[in-house]
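Let's take a walk through a protein together. Have a look at the picture first, and then we'll go through it piece by piece.

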Amino acid sequence: MAVNLSKNGPALTAAFKEVVDEKSNTNWALFTYEGNSNDIRLAEKGDGGLEELVEELNSGKVMYAFCRVQDPNSGLPKYVLINWTGEGVKDARKGICANHVSSMANFLKGAHVTINARGDEDVEPEVIMQKVAKASGANYSFHKETPSRFQDSGPQGPVGSVYQKTNAMSEIKKTNKDNFWAQAEKEEEKRRQEERHKADEERQKMEKERKDREVKEAMQRDKRDKERSTQIDQQKKYQQQQDAESKDQEKPRVEEQEENQAAEKKAVKRGESVEKVNEAASLISQRAVNPREMFKQRERGITPSDSDVPSAAPASPQPEEAPAANSYVQETAYEKPAQPPVEENNLYEVTADETPDRGTCARALYDYQAADDTEISFDPDDMITGIEMIDEGWWRGFSPDGHFGMFPANYVELI
């Protein structure tokens, strides 16, 4: 896992800048991890130099120290980076933190000397300063040179040697340390590969499970849709069946109602017609002369006498006109004096246009029932054709059934 420098980034950057700044009193900063995570935090900082810094190192932690020192040769400021891995740190943790060294070096950039330390002997101030002096590339300081340097000072003492005796233990420790870090890097690489392989297997397993789940859900969804569609079809069929049964049950009742209404209307009309017929019959019975006898005599060629001529037709069954008709009949029958004989042509005077095929036509206004074979019967709105106006109150014509006979003139209207 990579090191995380962003969580506490502002504090880390501020401490680093204080150490780099020559005007600042702070000359060292110590960084470590937050618990077992990879998040770097600022552990401590101070102005006591290497001596104070070494005292803060913990043998049970992995830490990174950045310190500003003065080059003993040139007197210039130098920067030292210490990668501290305590002896009490577990090997697994060491392997993980070994990959963070390059990231910390990039963050704490500008170091002249880098020291990988595991024990106190690796961070002794004298040892560190010797490494700083060697790293400077010169064993003298321009600030310490005097004008007498180029003057002849006489015979010089024996020239010193830089040869140092080889310390076998130190070399072994150094070799072991390098081998340790190489082994740690190999183990860390192996661990990362195993983690990647495991992550790939887990991802493939999850992908397979997801696909299986999607297929199963699709099948269940299709099944639910089919069941729902089947239920809807069954419901529609049931509803159609119910509607058909309702219509079948409703149809006889509607027909019965229509028949009852038609029967009621017919009964009402029949009642009105009966009343009108009775009224007409009563009026006809009041006449002194029977028009049928007059027609029979006319057919025989006998001229009827004044007393045989019918005086009026039965009154129209209209409520408003009935009294007037009755009055007219009564006056005609009982009060009007006998009229002189009139010519036969006057009885057949036509007052409406005659059609060439059916003659004069009229539409029935009321229902009329024939009293005998010499009369015709008709219902309201029936057509009477071939009308002969033989009398002011009685006409002759053809009924819708083809029968020819007399009928009251005030029961029809000419068209």
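In the hairpin of β1 and β2, which residue takes a positive phi? That's Gly-35, with a phi near 60 degrees, and the hairpin it belongs to has 6 residues between its strands. As for the strands themselves, β1 covers residues 28-33 and β2 covers residues 40-46; they run antiparallel and are joined by 6 bridges. If you'd like to find one pairing by eye, start at Tyr-33, whose bridge partner in β2 is Ile-40.

Before we go further, keep in mind that you're looking at a predicted model. The mean pLDDT of the protein is 78, and 70% of its residues reach 70 or more. Some stretches score lower: over residues 140-145 the pLDDT is below 50, and this stretch has 8 contacts in the model beyond near neighbours in sequence. Another one is residues 318-356, where pLDDT stays under 50 and the model has 51 contacts beyond four places in sequence.

Now zoom out for a moment. The protein has 9 helices and 10 strands. Of its 415 residues, 31% are buried. The protein exposes about 27600 Å², and carbon and sulfur atoms supply 49% of that area. What about contacts between parts of the chain that lie apart in sequence? Take the contacts between residues at least 6 apart: 60% of them join residues at least 24 apart.

Next, move along to the loop between β3 (62-70) and β4 (77-85), where you'll find Asn-73. Is Asn-73 buried or exposed? Its relative accessible area is 13%, and buried means under 20%, so Asn-73 counts as buried. The side chain of Asn-73 also reaches the backbone oxygen of Ala-133, at 3.4 Å.

Finally, head towards the end of the chain and look for an open sheet of 5 strands. Its order is β9-β8-β7-β6-β10, and the pairing is antiparallel. Which strands sit at the edges? They are β9 (404-408) and β10 (412-414), each of which pairs on one side only. From one strand to the next, the twist averages 45 degrees.

Let's stay with β10 a little longer. Its partner is β6 (residues 362-364), and the two pair in the antiparallel sense over 3 bridges. One pair to look for is Ala-362 with its bridge partner in β10, Leu-414. While you're looking at strands, here's a handy general rule: in a regular strand, the side chains alternate between the two faces of the sheet.

Conventions: Residues are numbered from 1 along each chain as its sequence is written. This is a predicted model: local features need pLDDT of at least 70, side-chain atom pairs count only at pLDDT 80 or more; totals for chains, interfaces and linings use all residues. Side-chain values use heavy atoms; hydrogens and water are left out. Two strands pair if DSSP finds at least two bridges between them. Helices (H or I, at least four residues) and strands (E, at least two) are DSSP runs, numbered from the N terminus. Axes are lines fitted to C-alpha atoms, for helices over the stretch in contact, and angles run from 0 to 180 degrees between N-to-C directions. Buried means under 20% relative accessible area, exposed over 50%, partly exposed in between (1.4 Å probe, protein chains only). A polar contact is a pair of N or O atoms within 3.5 Å; within protein, one must be able to donate a hydrogen and the other to accept it, and residues adjacent in sequence count only if both atoms are side-chain atoms. Contact means heavy atoms within 4.5 Å. Accessible areas come from the Shrake-Rupley method with a 1.4 Å probe; for residues, only the protein chains shown count as cover. pLDDT is the predictor's confidence in each residue, from 0 to 100.
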